[in-house]
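Open the model in a viewer and keep the selection tool at hand. The stops below say what to select and what is to be found there.

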Amino acid sequence: MFGLPVSTTWLVIGVPAFWVLYTLGFLWVTRNWPGLKRSDTGR
Amino acid sequence: MNTTVLLFLGLYFLAMLAVGVISMRRGGSSSMEGYYLSGRNVGPLVTAMTMQSTSMSGYMFLGAGSLGYTQGYYGFWYAAGDIGGGVVNLSVLGRRMRKLSQIMGALTSIEYLEKRYPSKWVRLIAAGLSVFLLGAYVLAQFIAGGKGLELVTGLPYELALTIAVAVILAYTLMGGYGAVAYTDLVQSFVMIIGIVWILVATLQEVGGLTAANEALAALDPTLLSIWGRDLAYEGQWGIVLGALLIFSIGYMGWPHVVTRHMAMRNPFHARRAGVYSTLWNLIFVSAPYILGTLAILVLPELDDPEQAIFALAQNLLPAAVVGIVMAAIMAAIMSTADSILLQTGSIAARDLYERFINPNMEEKQMVRVSQAIVLLLGIICGVIALFEPPAVFSIVVFTTAVLGSAFLPAYVAAVWWRKANTPGALASMIVGSLVAFSWQYLGLDQVTGLHPMLAGVVLSSLSMVVVSLLTQASHPVPEHVLRAMAETAELRPLPRPLKAQQSFEMAHEALTLKAQERTA
């Protein structure tokens with residue numbers, strides 16, 4: 001892709017894709033976190 | 001020097017000072033919690049942006065571009081870890097550290113360590129290490145700021161440095177953490193705009209990424225390799241893994257970065273802040289490395305690779321846009337310098353001066369002392385920077401590796417491992433800092449093929465585990481700490497008795513002394 005060798009493509013595209021998945025996983029795991037409404041400061 | 005560029009920079013500096021004035025009027029320096037943590041009232045967007053812009057220093061515009069220019073796509077090993085650094089930090093530490101720090105009434109990330117691992121030695125060693133290492137980091141950022149401004153404006157280095165230091169000191173002193181966090185927010189946007197603009201212009205110049213890569217392959221196919229020019233790093237997994245770790249998990253050991261968790265308005269904001277961090281990093285982090293690599297095609301005869309991004313801007317953009325890119329470079333430098341300056345001053349004032357020398361100060365008096373120390377530190381670093389000591393950027397690399405190795409296990413275990421005790425934390429900090437220091441000083445990375453960060457983190461983590469387990473009987477974790485840890489695991493707002501952070505058994509000696517005086 002983009003004229004890059006396969007290993008470099010994995011590094012340039014694959015690793016950022018992994019972090020996107022990690023972030024989505026974090027969102028999923030924390031989907032039941034309370035206190036996200038503006039009125040509830042959770043302090 | 002182009003007056004349009006100067007005008008942009010002048011406006012940018014004025015905007016930063018205005019944010020400082022606004023923060024001051026909002027009471028940023030009227031109380032200790034206000035000055036150190038902006039009253040723990042920072043939202044998720046500002047938390048994410050101050051964390052990211054603090055983490056990304058002038059290195060991103062100078063060092064990252066240079067790495068791309070000299071090693072091609074090998075630089076992406078650093079970017080690959082860096083993209084996830086923010087969300088890893090917020091997902092692992094964010095919510096729990098925010099809650100635990102408030103339950104224990106900690107205002108600095110070093111004070112937090114002492115309260116989690118009760119011992120004055122934890123505070124003394126951690127504060128000493130932080131002040132020394134972060135002080136060196138401030139110095140490096142000042143020099144980068146002075147040089148950047150000299151380059152942009154054509155002013156003499158001494159005058160450029162004085163202006164850069166004066167602006168940073170002014171808004172840091174005025175508004176404390178609030179001013180630093182909100183200027184960081186503005187600066188993070190400036191950094192994004194600047195880097196995207198120059199990236200688009202450069203891609204247009206080289207005919208797109210695919211065409212550029214084909215041209216690079218014709219010049220030297222190893223530039224497209226993950227192992228660097230001439231495959232210099234081929235098979236060196238110990239170095240590569242360290243490069244990945246230093247900017248992915250390494251941030252969790254930096255006292256000036258983890259403080260951001262403690263200032264969040266709501267522990268659960270870590271969730272949204274993690275998303276903002278990843279989005280910002282996806283756009284910002286890779287760009288400097290790509291730009292440095294593309295500069296090989298646009299400017300093949302550069303004398304100084306660190307000038308690659310600056311030279312691209314000057315050659316490809318109109319003057320007004322060059323002003324924005326230059327403001328972005330200054331933003332990267334200033335957003336790191338202000339945070340470290342405030343953190344170093346706070347640690348010196350609260351964790352050393354108040355804790356060990358004068359524990360009987362009133363709150364406002366303490367804020368004044370913190371401001372005085374920030375001012376003094378700024379002046380000392382500014383004066384030293386005038387003489388441009390050599391190898392300052394190597395000091396930056398050195399300090400980040402030592403900080404990460406020394407503190408990462410202590411911060412992570414503080415919220416996740418109930419058996420982590422004081423001897424374990426002390427051993428971890430001492431071993432981590434000594435290993436990372438000696439690994440670099442003795443050049444052991446060349447001999448062993450292991451990055452100093454990798455060696456430091458592995459050995460400091462082992463020390464934490466082994467020493468904690470061996471000393472459980474003689475040094476059990478105090479009951480009030482275990483109760484506080486249990487509370488941080490709960491998915492609920494803090495119970496009212498814990499909100500006020502006045503649990504005396506958890507407060508350090510200074511607060512206890514004050515309480516005794518009040519009741520006497």
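pLDDT is the predictor's confidence in each residue, on a scale from 0 to 100. This is a predicted model, and a look at its confidence is a sensible start.

**Stop 1: confidence**

Colour chain B by pLDDT. The average over chain B is 85, and 92% of the residues score at least 70. Now select residues 501–513 of chain B, where the pLDDT is below 50. In the model this stretch has 26 contacts beyond near neighbours in sequence. Where pLDDT is low, the predicted coordinates should not be read in detail. For the complex, the predictor gives an ipTM of 0.87 and a pTM of 0.87.

**Stop 2: chain A and its contact with chain B**

Select chain A. It has 1 helix and 0 strands. Chain A has 43 residues, and 23% of them count as buried. Next, show the contact between the two chains: 24 residues of chain A and 30 residues of chain B take part. On the side of chain A that touches chain B, 15 residues are nonpolar, 8 are polar and 1 is charged.

**Stop 3: helix α6 of chain B**

Select residues 109–116 of chain B, which form helix α6. How many of its residues are buried? The count is 8 of 8, so the helix is mostly covered, a residue being buried if 20 or more other C-beta atoms lie within 10 Å of its own. Among the buried residues are B:Glu111, B:Lys115 and B:Arg116, as well as B:Ile110 and B:Leu113.

Keep α6(B) on screen and add helix α7, residues 120–153 of chain B. The axes of α6(B) and α7(B) are 9 Å apart, and the helices pack at an angle of about 155°. Angles over 145 degrees count as roughly antiparallel, and α6(B) is therefore roughly antiparallel to α7(B). The crossing of α6(B) and α7(B) is right-handed.

To see the contact itself, show B:Ile110, B:Leu113 and B:Glu114 on α6(B), then B:Val122, B:Arg123, B:Ala126, B:Ala127 and B:Ser130 on α7(B). By class, the contact of α6(B) with α7(B) has 5 nonpolar, 1 polar and 2 charged residues.

**Stop 4: helices α5 and α21 of chain B**

Select residues 76–103 of chain B for helix α5 and residues 479–489 of chain B for helix α21. Their axes come within 9 Å and cross at roughly 140°. That angle makes α5(B) oblique to α21(B). The crossing of α5(B) and α21(B) is right-handed.

Which residues of α5(B) and α21(B) meet? From α5(B), show B:Arg96, B:Lys99, B:Leu100 and B:Ile103; from α21(B), show B:Ala484, B:Met485, B:Glu487 and B:Thr488. The contact of α5(B) with α21(B) has 4 nonpolar, 1 polar and 3 charged residues.

**Stop 5: two helix residues of chain B**

Go to B:Ala436, in helix α18, residues 422–441 of chain B. Is B:Ala436 buried or exposed? B:Ala436 counts as buried because it has 28 C-beta neighbours inside 10 Å. Leaving aside neighbours within four places in sequence, B:Ala436 is in contact with B:Ala401, B:Val402, B:Ser405, B:Pro452, B:Met453 and B:Gly456. Add B:Leu454, which is 18 residues from B:Ala436 along the chain; the two C-alpha atoms are separated by 8.6 Å.

Then move to B:Val383 in helix α16, residues 363–386 of chain B. B:Val383 has 12 C-beta neighbours inside 10 Å and so counts as exposed. Draw the distance from the C-alpha atom of B:Val383 to that of B:Leu139: the two are separated by 9.4 Å, with the two positions 244 residues apart along the chain.

**Stop 6: two loop residues with positive phi**

Most residues other than glycine have a negative phi. Select B:Ser38, in the loop between α2 (32–37) and α3 (44–55) of chain B. B:Ser38 is not a glycine, yet has a positive phi of about 50°. With 26 C-beta neighbours inside 10 Å, B:Ser38 counts as buried.

Finish at B:Leu231, in the loop between α9 (209–219) and α10 (237–248) of chain B. B:Leu231 also is not a glycine, and its phi is positive, about 55°. B:Leu231 is partly exposed, with 13 other C-beta atoms within 10 Å.

Methods. Residues are numbered from 1 along each chain as its sequence is written. Chains are lettered from A and ligands numbered from 1 in the order in which they are written. This is a predicted model: local features need pLDDT of at least 70, side-chain atom pairs count only at pLDDT 80 or more; totals for chains, interfaces and linings use all residues. Helices (H or I, at least four residues) and strands (E, at least two) are DSSP runs, numbered from the N terminus. Axes are lines fitted to C-alpha atoms, for helices over the stretch in contact, and angles run from 0 to 180 degrees between N-to-C directions. Angles under 35 degrees count as roughly parallel, over 145 as roughly antiparallel, 65 to 115 as roughly perpendicular and the rest as oblique. A crossing is left-handed if the near helix is turned anticlockwise from the far one by less than a right angle, and right-handed if clockwise. Two residues are in contact if their C-beta atoms, placed from the backbone, lie within 7 Å. Ala, Val, Leu, Ile, Met, Phe, Trp, Tyr, Cys and Pro count as nonpolar, Asp, Glu, Lys and Arg as charged, and the others, Gly among them, as polar.
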